[in-house]
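These are my notebook entries on one protein model. I looked up a few residues, the ring pairs, one helix contact and the main pocket.

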Amino acid sequence: MSHSRATGAAEPTHVVPFFLHAIVILVGVSITLRLTVNNVAPVIPVIRESLGLSEAEAGWLGSLPLLVFGIFAFATPAVVRRFGAPLTIVILLVIVAAGTAVRFIPTTLALMGGTILLSIGVGMGNAVVPVAIRTFYPRRATAYMGWFSVGLNVGASLGAAATVPLMQQWGLSWNAAISVWVVVIVAVLVWWLIGWGLAKKRDSAMFRRQENASVAGVGAMFREPTLLAIAAHMGVQSAMFFAIMTWGPTWFQVAGASDAESGAILGAYALAAIPGALFGPKLLEFTRWRTVLVGYGIVFIPAVVTMGFFGFGNGILGWAATLVAGVCAGAHLAMSLALIAGYPDLTKVAGLSALANGVGFLLASIWPVGLGAVAEQLGGWEVPIISVALMPIVTLGITFAINQKFQAEREALAQSLPHL
């Protein structure tokens with residue numbers, strides 16, 4: 001007892017306000033990583049008419065960010081090694097803000113150029129935030145990755161839902177509606193700088209410049225099957241999620257839903273991912289992660305089949321299936337991120353995060369296109385829907401292929417986490 005008191009007496013008395021805690025600001029950063037990505041889709045018809053874009057050119061507005069995410073995620077370890085995680089976050093927020101501001105110019109060049117620029121920052125952010133969480137909160141990384149996932153889903157939902165109201169109720173033009181979020185991004189940047197400055201002033205180890213010479217790059221990841229398996233795990237879940245986000249409304253309409261109803265269903269699916277993102281990592285704290293993923297697959301497969309084939313047509317059944325599938329999707333993303341952030345060797349977390357995000361977004365950019373081609377070739381959506389529903393089996397196969405040594409280390413780390 002005396003030792004505890006002595007230790008407590010030696011602890012610093014300064015307390016950083018809650019709203020300046022790193023994890024709180026990182027959730028704000030995660031929101032900005034989706035705000036400006038998902039806000040274009042609802043106004044693509046308006047943009048096409050305004051700029052005279054073809055369908056193919058407009059289609060790039062959806063696929064281009066995913067491609068850029070994947071490519072620039074691979075560069076993240078080098079940036080972290082050079083600048084450290086805190087300063088890398090500053091850099092990416094500046095890039096995202098600049099790209100968002102450029103899109104205010106109502107030209108095709110500015111729209112595409114701004115989209116590429118902000119996507120570079122977002123691609124870096126997708127990879128570096130898990131590294132920051134793992135570095136700042138090594139004992140709580142699994143649980144806090146759930147909050148990072150929540151921020152991503154909140155940003156995606158807010159960006160998609162607010163664009164049209166900004167135009168209709170505030171009278172903004174399409175270019176102003178998609179670029180107004182630069183105010184939020186700059187606010188988060190200032191928020192991060194204040195928190196970083198206060199922590200440095202109070203000599204908090206959390207925001208000190210990290211020694212990053214030992215940070216492994218992406219190339220080193222290819223020499224370890226375990227790390228490749230985790231990256232594949234992230235890739236499959238990303239492809240699955242974006243396949244539903246891309247083609248879900250079409251499936252619902254084939255099942256008898258109207259345009260408005262299909263949009264509502266997709267919105268419910270995205271919102272249901274939020275509680276799933278919080279619940280998924282908590283499961284990893286209380287039980288074996290393989291068991292969790294087996295249960296996830298058992299629940300998710302019939303939910304996607306029901307949602308895909310029956311959609312809104314079966315009323316309560318369709319809605320229930322959509323909500324269950326959304327919860328599972330959110331939990332799946334959070335668990336994939338938790339596997340990255342919770343990897344025992346901190347020197348490999350940056351490279352693993354970059355590899356997993358790179359593979360994930362590259363697959364997410366091409367998988368929906370492939371599904372569309374298959375549906376067109378076969379004249380129906382039955383095979384694509386079933387293939388998406390069965391993708392958790394692929395994830396489970398990858399999970400069980402991961403070696404026993406990693407499993408033991410991962411479960412030991414998970415059990416050491418405090419219950420939040």
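Entry 1, Thr36. I looked up Thr36 and found that it is buried, with a relative accessible area of 1%. For burial I used these classes: buried is under 20% relative accessible area, exposed is over 50%, and partly exposed is in between, with a 1.4 Å probe and protein chains only. Thr36 sits in the loop between helix H2 (22-35) and H3. I took helices (H or I, at least four residues) and strands (E, at least two) as DSSP runs, numbered from the N terminus. Leaving out neighbours within four places in sequence, I listed Val96, Thr100, Arg103, Leu118, Trp181 and Ile185 as the contacts of Thr36; contact means heavy atoms within 4.5 Å.

Basis. I noted that this is a predicted model, where local features need pLDDT of at least 70 and side-chain atom pairs count only at pLDDT 80 or more, while totals for chains, interfaces and linings use all residues. Residues are numbered from 1 along each chain as its sequence is written, and side-chain values use heavy atoms, with hydrogens and water left out.

Entry 2, overall. I recorded 19 helices and 0 strands in the protein. Of its 420 residues, 54% count as buried. Among contacts with a separation of 6 or more, 83% are between residues 24 or more positions apart.

Entry 3, Gly330. I placed Gly330 in helix H15. Gly330 counts as buried because its relative accessibility is 1%. With residues up to four places away in sequence not counted, Gly330 touches Ala273, Gly276 and Ala277. I also checked Leu271: its C-alpha atom is separated by 9.0 Å from that of Gly330, and the two residues are 59 apart along the chain.

Entry 4, rings. How many aromatic pairs are there? I got 2 aromatic pairs, under the rule that rings of Phe, Tyr and Trp (its six-membered ring) pair if their centres lie within 6.5 Å, with planes under 30 degrees apart counted as stacked, over 60 as edge-to-face and the rest as tilted. Phe69 and Phe361 are edge-to-face, at 5.0 Å centre to centre and 75° between the planes. Phe69 is in helix H4 and Phe361 in helix H16, so this pair ties together parts 292 residues apart in sequence. Phe69 is buried at 1% relative accessibility, and Phe361 is buried at 5%. Tyr137 and Tyr144 have ring centres 4.8 Å apart and planes at 85°, so I logged that pair as edge-to-face. Both Tyr137 and Tyr144 are buried.

Entry 5, H16 and H17. I found helix H16 (residues 349-378) packed on helix H17 (residues 382-389) at an angle of about 145°, with the axes 8 Å apart. The axes are lines fitted to C-alpha atoms, for helices over the stretch in contact, and angles run from 0 to 180 degrees between N-to-C directions. H16 contributes Trp367, Leu371, Val374, Ala375 and Leu378, and H17 contributes Val383, Pro384, Ser387 and Val388. I counted 8 nonpolar, 1 polar and no charged residues in this contact. Ala, Val, Leu, Ile, Met, Phe, Trp, Tyr, Cys and Pro count as nonpolar, Asp, Glu, Lys and Arg as charged, and the others, Gly among them, as polar.

Entry 6, lining classes. I split the lining of the largest pocket into 31 nonpolar, 15 polar and 3 charged residues. H12 gives the largest share of that lining, 10 residues. A pocket here is an open set of points on a 1 Å grid over the protein atoms alone, where a 1.4 Å probe fits, with protein on both sides within 12 Å along at least five of seven lines; lining residues have an atom within 4 Å of a point.
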